[in-house]
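Open the model in your viewer and keep the sequence panel beside it. The tour below goes from one selection to the next and says what is found at each stop.

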Amino acid sequence: MRDALDKNPGFDPRSGGTSAPSTTGAPPATSRTIEGEFSCVGKPLPRPDVAAKATGAAVYGADLVLPGMLTGRILTSPYAHAKILSIDTSKAKALAGVAAVITHEDVPKLRFTRSVMAEGLPPFAYEGENQDQFILSDKARYVGDWIAAVAAVDTYTAEKALDLIEVEYEQLPAVFDPEEALKPGSPIIHEGWPGNVAGVIDHPFSRGDLDKALADSDYVVEFRGRNSRQKQAHLEPDVAVARWEPDGRLTVWSPNQNAHLAKKTMAQRILGINEGDIRWITTTVGGGFGARLSFGVEPVAVLLAKITGKPVKVFVTREEDFSGWSSRTEQRQTIRMGVTKGGTITAIEQRILSDAGAYFSHSGTISAVNMQATLGVMRSPVVSGKATIVYTNNPTSSGMRGYGNPEGSFVLQQAIDMAAEKCGMDPLEFRLKNAKGTGEPSMWEPVTLTSCALETCIRLGAERIGWKEKWHGWGASTGAAGPSPGGRYRRGVGMSIMTHASGAGGFLLEHSSAIIKLDEDGSVQLAVSPCEMGQGILGALSQIAAEGMGLRYEDVHVITGDTDVTLFDIGSHASRSTYAIGNAVLDAARQVRATVLERAAGILETSPRALDIRGGSVFVKADPTQTVAVAEIARGAIYDYGLEGRHITATGKHQALTHCPNFQAGFSEIEVDTETGVIKVLKYVVAHDIGRAINPLTVESCLQGGAYQGLGYALTEDLIIDEHTGKVLTDSFATYKMLSALDMPEVEVILVEEPDPSGPYGAKGVGETGITNVAPSIANALYDACRIRIHSLPMTPEKVLAALAAAPQSPDYNGG
């Protein structure tokens with residue numbers, strides 16, 4: 001649907017500013033360059049990886065079979081906290097078909113962390129001493145901790161061998177609540193970390209006198225909230241294959257999102273060998289959502305392969321994956337906000353208590369990114385943020401889509417509505433008044449926003465949800481629809497806004513590379529190292545390359561997933577791939593284009609400036625009948641029998657201290673059954689500041705998928721852990737409640753295009769963002785409908801009924 005702007009004469013989709021919103025994948029109306037329409041950019045072109053996936057030809061890690069390959073399995077702890085007194089592996093080793101059995105005594109005595117991102121982080125976000133685990137442990141710190149591993153001729157034999165390993169444990173007191181873990185006398189998870197404090201992070205951009213600002217404010221609101229341990233639930237459970245080559249090098253096949261940093265971390269932190277001695281190949285990835293930014297079973301596969309001298313495949317079951325080492329970090333947060341009577345924010349304070357689980361992993365960076373995004377979207381003269389990361393005996397947390405932003409937004413956006421109510425303001429107008437815009441500091445404050453279409457997102461999203469007609473108001477003179485009518489079923493609307501980075505420049509090493517090789521037939525080989533995990537990045541990069549060189553999209557062939565043939569790249573995370581890797585690709589493409597034009601100028605007897613390239617053909621702008629094929633130029637460059645022969649290639653790079661934030665507004669309309677507590681989402685509208693949609697269909701798919709994942713995060717999904725034993729109870733798709741296609745509401749996507757000068761063709765990031773605004777907009781809609789607030793996710797019927805029952809008496813009741 002492309003009619004929203006038609007109803008608002010203030011926007012002209014032909015003006016070169018904001019394009020019409022897209023919900024169909026049609027090319028945006030402003031897909032133009034100075035010289036005319038784009039050939040590839042802005043088009044809903046098919047992705048290059050879908051045919052192999054649709055036909056079953058794609059090779060996932062579980063499909064990989066190598067000559068002589070063994071199967072590896074891991075023995076995990078049944079206890080949340082226990083000292084290992086002894087391990088008897090003799091029976092397992094004696095079993096026919098068993099090639100190796102290893103325990104903590106057999107692993108390198110080098111500590112590491114599951115996060116492969118650690119090597120690229122600054123000290124304030126990742127303290128080096130938090131290299132806090134070995135491949136196999138001599139002390140169990142959560143149910144599922146790795147105790148031993150075997151390699152055998154097949155899965156049956158490997159699992160039988162696990163049953164034959166005899167472990168004598170001494171159970172220790174355990175702690176599963178991070179607040180309890182901080183109390184004196186609580187069990188210590190890691191010796192050397194007193195009080196179970198894994199780390200403390202102060203927001204680097206805290207400023208001003210918080211106490212004075214709050215004391216001087218006309219109103220101060222406070223909201224406390226806690227997010228769930230949402231599971232990534234990717235379709236492919238963890239798997240890895242390792243083989244030591246005859247020349248002593250190691251080859252690893254794995255679905256890791258960051259091959260180059262994984263190689264670096266494996267070499268330096270786990271094996272103590274040279275990075276060049278490892279080749280890392282990314283297999284087809286069956287979903288990531290941040291979990292693949294951590295090591296899975298790769299270290300075990302590597303060690304078993306070293307000991308046996310044979311390739312080893314290690315895998316986990318779905319139940320083991322649920323009970324293992326990756327979920328969203330549980331964060332308990334408090335937001336305090338000061339405002340004037342006129343609705344101007346005077347101060348924002350955020351305090352976070354993060355449950356790292358048994359090991360540190362991503363908990364520190366997630367806490368830091370949470371503060372950046374949460375404290376970076378609204379304008380405030382005084383800002384204060386602090387996060388405390390705590391060890392418990394829960395499973396280790398990891399990266400998860402949004403990476404701290406959905407956690408913080410759930411709390412901040414409810415506090416914003418509460419502040420608006422205090423001021424008697426429409427929460428939409430309150431956000432417009434206080435949200436940052438172009439020219440102001442970004443979420444990474446040394447960097448200024450070069451573009452921001454948030455106001456457009458808010459206004460378009462509000463129009464599509466029917467905000468003016470449906471929002472009930474505070475009972476003040478806000479010009480709203482009035483109180484929600486009583487009765488069993490009550491409807492409400494709510495909104496949320498966010499900012500998210502297009503990369504991590506300034507915070508993390510922001511470095512991407514690309515190689516383009518022009519072959520003699522006029523096609524190109526594009527060598528890049530993102531992780532294609534379903535987001536469509538290979539297609540987007542191919543479109544940028546084709547556009548930059550003037551070639552056809554189908555003439556671009558991508559080489560990826562192999563550290564031996566791709567240059568260094570920091571990987572796919574932080575919604576960075578289109579922006580950062582796209583800039584590297586565009587850099588290389590422009591170099592190839594310049595070389596082609598220079599050679600063509602000699603053939604056509606004119607200057608390179610007089611020429612252009614379109615569809616694989618170079619032509620004279622003033623007389624398009626004068627042409628020469630790019631293939632002819634490429635062939636002539638290679639088969640030059642003089643002294644000027646060359647294969648036309650180029651290397652592009654992107655390295656920056658900026659991150660080009662994108663913005664978004666989300667709106668939910670819900671219906672609440674006050675007798676059952678069920679929240680039914682009727683419609684969700686997301687308006688995203690994309691800069692330029694390289695492939696509108698891919699962008700819309702990312703936002704729709706994020707919305708669906710966000711609905712589960714908001715309403716049903718949580719990793720339930722037994723508070724007495726530490727065992728994960730929701731360890732399968734039968735018990736972990738994910739929504740199905742039948743549960744999904746109408747989702748409308750609006751793409752707002754205001755090209756950013758730093759992005760490839762103006763593009764910004766999008767991958768993670770679709771999940772962030774869903775839960776807070778539903779929470780605010782719940783208040784609009786029933787005048788109750790929910791402080792923890794998911795917002796289950798039980799919590800809704802309890803809040804409704806307590807509303808008139810409870811201090812949590814925020815109604816009149």
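**Stop 1: the two cysteines**

Select Cys702 and look for its closest cysteine sulfur: that atom belongs to Cys531 and is 13 Å away, too far for a bond. The model is a predicted one. Cys702 has a relative accessibility of 10%, so this residue counts as buried.

Now select Cys531. Its closest cysteine sulfur is the one in Cys702, and the 13 Å between them rules out a bond. Cys531 counts as buried because its relative accessibility is 1%. How many disulfides does the count give? The count is 0. A disulfide would need the two sulfur atoms to be within 2.5 Å.

**Stop 2: the whole chain**

Clear the selection and show the protein chain as a cartoon. The protein chain has 19 helices and 28 strands. Its radius of gyration is 28 Å, close to the 28 Å from the globule rule for 816 residues, so the chain is as compact as a globular protein of that length. Along its principal axes, the C-alpha trace spans about 90 × 80 × 50 Å.

Next, show the surface. About 28900 Å² of the protein chain is exposed, and carbon and sulfur atoms supply 53% of that area. Of the 816 residues, 63% count as buried.

Contacts can be sorted by how far apart the two residues are in sequence. Among contacts with a separation of 6 or more, 79% are between residues 24 or more positions apart.

Colour the charged side chains to finish this stop. There are 75 positive and 95 negative side chains in the protein chain. The centres of these two sets lie 2 Å apart.

**Stop 3: the loop between helix 18 and helix 19**

Select Arg789, in the loop that runs from helix 18 (774-786) to helix 19 (797-806). Is Arg789 buried or exposed? Arg789 counts as buried, because its relative accessibility is 3%. Add Leu804 to the selection: this residue is 15 residues from Arg789 along the chain, and the two C-alpha atoms are separated by 9.4 Å.

Then move to Pro794, in the loop between helix 18 and helix 19. The peptide bond that joins Leu793 and Pro794 is cis, with omega about -5 degrees.

**Stop 4: two positive phi angles**

Select Ser361. This serine is in the loop between strand 16 (345-357) and helix 9 (363-374). Its phi is near 50 degrees, a positive value in a residue other than glycine. Ser361 has a relative accessibility of 2%, so it counts as buried.

Go on to Ala574, in the loop between strand 21 (556-559) and helix 15 (577-604). What is the phi of Ala574? The angle is near 55 degrees, a positive value in a residue that is not glycine. Ala574 is buried, with a relative accessible area of 17%; the cut-off for buried is under 20%.

**Stop 5: Glu510**

Select Glu510, in the loop between strand 18 (489-500) and strand 19 (511-518). Its relative accessible area is 2%, so Glu510 is buried. Show the residues around this side chain. Leaving aside neighbours within four places in sequence, the contacts of Glu510 include Gly503, Ile570, Arg576, His654 and Gln655. For a distance across the model, add Val686: the C-alpha atoms of Glu510 and Val686 are 28 Å apart, and the two residues are 176 apart in sequence.

**Stop 6: Ala174**

Select Ala174, in the loop between strand 8 (166-171) and helix 4 (178-181). Ala174 is partly exposed, with a relative accessible area of 33%. Which residues is Ala174 in contact with, leaving aside neighbours within four places in sequence? They are Ala80, His81, Pro187 and Asn393. Lys680 is 506 residues from Ala174 along the chain, and their C-alpha atoms are separated by 38 Å.

**Stop 7: Trp253**

The last selection is Trp253, in strand 12 (residues 250-254). Trp253 is buried, with a relative accessible area of 11%. Not counting residues up to four places away in sequence, Trp253 touches Leu64, Leu66, Ala240, Val241, Arg243, Ile281 and Thr283. Add Lys313, which is 60 residues from Trp253 along the chain: the two C-alpha atoms are separated by 9.1 Å.

Methods
Residues are numbered from 1 along each chain as its sequence is written. This is a predicted model: local features need pLDDT of at least 70, side-chain atom pairs count only at pLDDT 80 or more; totals for chains, interfaces and linings use all residues. Side-chain values use heavy atoms; hydrogens and water are left out. Helices (H or I, at least four residues) and strands (E, at least two) are DSSP runs, numbered from the N terminus. The radius of gyration is taken over C-alpha atoms; the globule rule is 2.2 Å times the number of residues to the power 0.38. Buried means under 20% relative accessible area, exposed over 50%, partly exposed in between (1.4 Å probe, protein chains only). Contact means heavy atoms within 4.5 Å. Accessible areas come from the Shrake-Rupley method with a 1.4 Å probe; for residues, only the protein chains shown count as cover. Lys and Arg count as positive and Asp and Glu as negative; His and the chain ends are not counted. The place of a charge is taken as NZ of Lys, CZ of Arg, CG of Asp or CD of Glu.
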